[in-house]
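This briefing is meant for someone who is looking at this structure for the first time. Please keep the sequence and the 3D view at hand while reading the points below.

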Amino acid sequence: MTDVDEPERSTSAVSIAHVVARARDRFDAGVTRPLAWRREQLDALERLLVERGRDLEQALHADLRKHPTESQLTEIGTVLAELRHTRKNLERWTAPRKVPGEAQLLPIRSRLVLEPLGVVLVIAPWNYPVNLLLMPLVGAIAAGNAVVLKPSELTPTVSAAIADLLPRYLDAEAFAVVEGAVPETTALLEQRFDHILYTGNGAVARVVARAAAEHLTPTTLELGGKSPVWFDDDEHLEQVARRLAWGKWLNCGQTCVAPDYVMTTPGRVDALTRALQAAVDAMFGEDPRTSPDYGRIVSERHHARLVDALDGAAIAFGGQHDANQKYLAPTVVHARLDDDTAVMTEEIFGPILPIVAVPDADAAIRHILGRDKPLALYVFSADPATRQAFVERTSSGAVGLDVPMLQAGMHSVPFGGVGQSGAGAYHGEFSLRTFSHLKPVVHKPHRPDTLRAAMPPYGRVKRFL
Ligand code: NAD
């Protein structure tokens with residue numbers, strides 16, 4: 001999804017090749033490997049985020065009208081927490097691990113070594129432009145790699161800020177930022193990388209995967225899709241509505257793990273709608289347009305796409321929009337599962353929440369099974385058996401029980417999709433695994449020389465397998 005009318009700064013194909021070659025030189029020279037150096041670079045990134053956090057907040061406000069607190073909660077602070085957790089555990093996570101050898105091979109000493117991959121390419125989208133660029137960077141640094149970062153052209157202020165700041169704090173050759181849009185990303189993808197982490201939509205993911213295949217480069221694909229919600233918890237209606245409203249309308253609905261649509265039984269639709277309206281009023285006031293806490297749609301094209309999606313929809317509340325401000329109110333629509341409309345067939349990625357009546361939880365589960373595997377599934381139910389049924393019978397990147405979104409900001413659990421919602425995962429120690437090769441080192445001492453027993457002439461070999 002790329003807007004041609006957005007301002008952009010670009011780098012020529014020649015200089016892109018040069019940037020990648022420089023990063024590779026740094027890696028090949030062994031500069032990025034020592035743990036002390038990795039720690040220094042993490043310290044430098046921490047300083048950048050602390051000292052220049054205000055600049056990043058302003059850039060996020062300029063591009064997406066994010067409230068500074070929200071930027072700290074979901075972007076800058078999340079990266080800082082990841083960084084500190086990673087730095088604290090770096091020695092432990094990267095320490096070679098002894099593994100016991102098979103009895104028939106004794107004496108044998110085996111260990112597993114985490115080896116950096118080389119030069120990693122990170123291609124990030126616009127919706128959390130700091131988080132989705134720098135979270136992978138933390139893991140890639142910790143694993144001892146050089147990194148080329150490609151921020152999204154749709155958030156040009158953030159992109160420019162990071163391109164400006166990063167080389168002032170980090171090793172500018174090992175960690176490079178390439179700004180630009182499709183031509184620059186295409187030129188980057190012609191280069192050989194040792195790993196590519198792409199976050200964005202499935203169509204571009206195919207372009208990335210095809211380009212990666214040329215060099216047999218492994219990829220982590222962090223994609224999206226429709227993340228469904230099941231609701232049947234009458235007891236906690238108000239809390240559920242508050243949590244859902246927070247998860248849905250954070251960043252104006254432009255979150256890959258945002259609740260996409262809610263399934264509930266017919267008798268609960270109106271009560272949930274009213275509770276959501278009350279939650280929206282409490283968070284953003286009666287006119288969210290004037291609220292400093294409510295964001296904006298990233299581009300005119302995405303704004304037009306979302307307004308078009310409301311055409312003919314049964315709007316329960318919201319729907320007000322203003323193209324000049326790229327504003328679209330928090331909106332709930334009532335829909336049917338088999339509707340052939342954009343809100344029910346495509347990922348919404350905006351502030352529209354359809355509520356759909358289904359007969360029961362079993363029907364909701366069967367519906368989920370019939371569609372692409374979601375990035376996230378949320379279940380709001382007071383009944384443990386219902387919660388367990390969703391966990392056991394469906395497949396998704398993650399499941400949130402009674403809460404949306406949290407899994408995406410945590411460093412203790414892997415973040416990633418499954419099937420159409422992505423392949424591979426990162427965050428915390430899982431990033432170390434993603435950006436490293438787990439290399440077995442096997443040592444067979446010369447004495448006693450038990451290996452002779454496995455050598456020809458085989459007439460002498462005992463059957464020991
Ligand atoms: P986007 O348009 O910013 O694209 C992402 C990146 O791909 C950008 O850096 C862009 O320059 C590059 N790109 C775009 N077109 C390209 C092309 N033809 N060739 C090469 N590179 C190209 O972001 P988007 O795709 O609109 O992001 C929204 C999608 O991302 C949604 O589907 C959302 O669910 C998903 N998403 C997933 C996660 C996750 O972590 N799983 C997080 C955020 C967003």
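What follows goes from the chain as a whole to its nonpolar core and then to two serine residues.

The structure is a predicted model. The chain holds 16 helices and 18 strands, and buried residues make up 52% of its 465 residues.

**Overall form**

- For a chain of 465 residues, a compact globule would be expected to have a radius of gyration near 23 Å, and the 25 Å of this chain agrees with that.
- Taken along the principal axes, the box filled by the C-alpha atoms of the chain is roughly 80 × 55 × 35 Å.
- Among contacts in the chain with a separation of 6 or more, 73% are between residues that stand 24 or more positions apart.

**Surface and charge**

- The chain exposes about 20,600 Å², and carbon and sulfur atoms supply 53% of that area.
- There are 50 positive and 57 negative charges in the chain, and the mean positions of these two groups are 12 Å apart.

**The largest nonpolar core**

- The largest nonpolar core has 133 residues, of which Leu49, Leu137, Leu166, Trp249 and Leu276 touch the most other members.
- Helix H5, which covers residues 131-142, gives this core its largest share, with nine residues.
- Leaving out residues up to four places away in sequence, Leu166 touches Leu45, Leu48, Leu134, Leu137, Leu149, Phe175 and Val177.

**Ser71**

- Ser71 has its place in helix H4, which covers residues 68-94.
- Because its relative accessible area is 0%, and buried means under 20%, Ser71 counts as buried.
- When neighbours within four places in sequence are set aside, the residues in contact with Ser71 are Glu57, Leu60, Lys66, Ile76 and Gly77.

**Ser291**

- Ser291 is found in the loop that lies between helix H10 (269-284) and helix H11 (300-309).
- With a relative accessibility of 5%, which is under the 20% limit, Ser291 is buried as well.
- Apart from residues up to four places away in sequence, Ser291 touches Arg65 and Phe284.
- Although 224 residues separate Ser291 from His67 in sequence, the C-alpha atoms of these two residues are 9.8 Å apart in space.

Note on methods
Residues are numbered from 1 along each chain as its sequence is written. This is a predicted model: local features need pLDDT of at least 70, side-chain atom pairs count only at pLDDT 80 or more; totals for chains, interfaces and linings use all residues. Side-chain values use heavy atoms; hydrogens and water are left out. A nonpolar core is a set of buried Ala, Val, Leu, Ile, Met, Phe, Trp, Tyr and Cys residues joined through side-chain atoms within 4.5 Å. Buried means under 20% relative accessible area, exposed over 50%, partly exposed in between (1.4 Å probe, protein chains only). Helices (H or I, at least four residues) and strands (E, at least two) are DSSP runs, numbered from the N terminus. Contact means heavy atoms within 4.5 Å. The radius of gyration is taken over C-alpha atoms; the globule rule is 2.2 Å times the number of residues to the power 0.38. Accessible areas come from the Shrake-Rupley method with a 1.4 Å probe; for residues, only the protein chains shown count as cover. Lys and Arg count as positive and Asp and Glu as negative; His and the chain ends are not counted. The place of a charge is taken as NZ of Lys, CZ of Arg, CG of Asp or CD of Glu.
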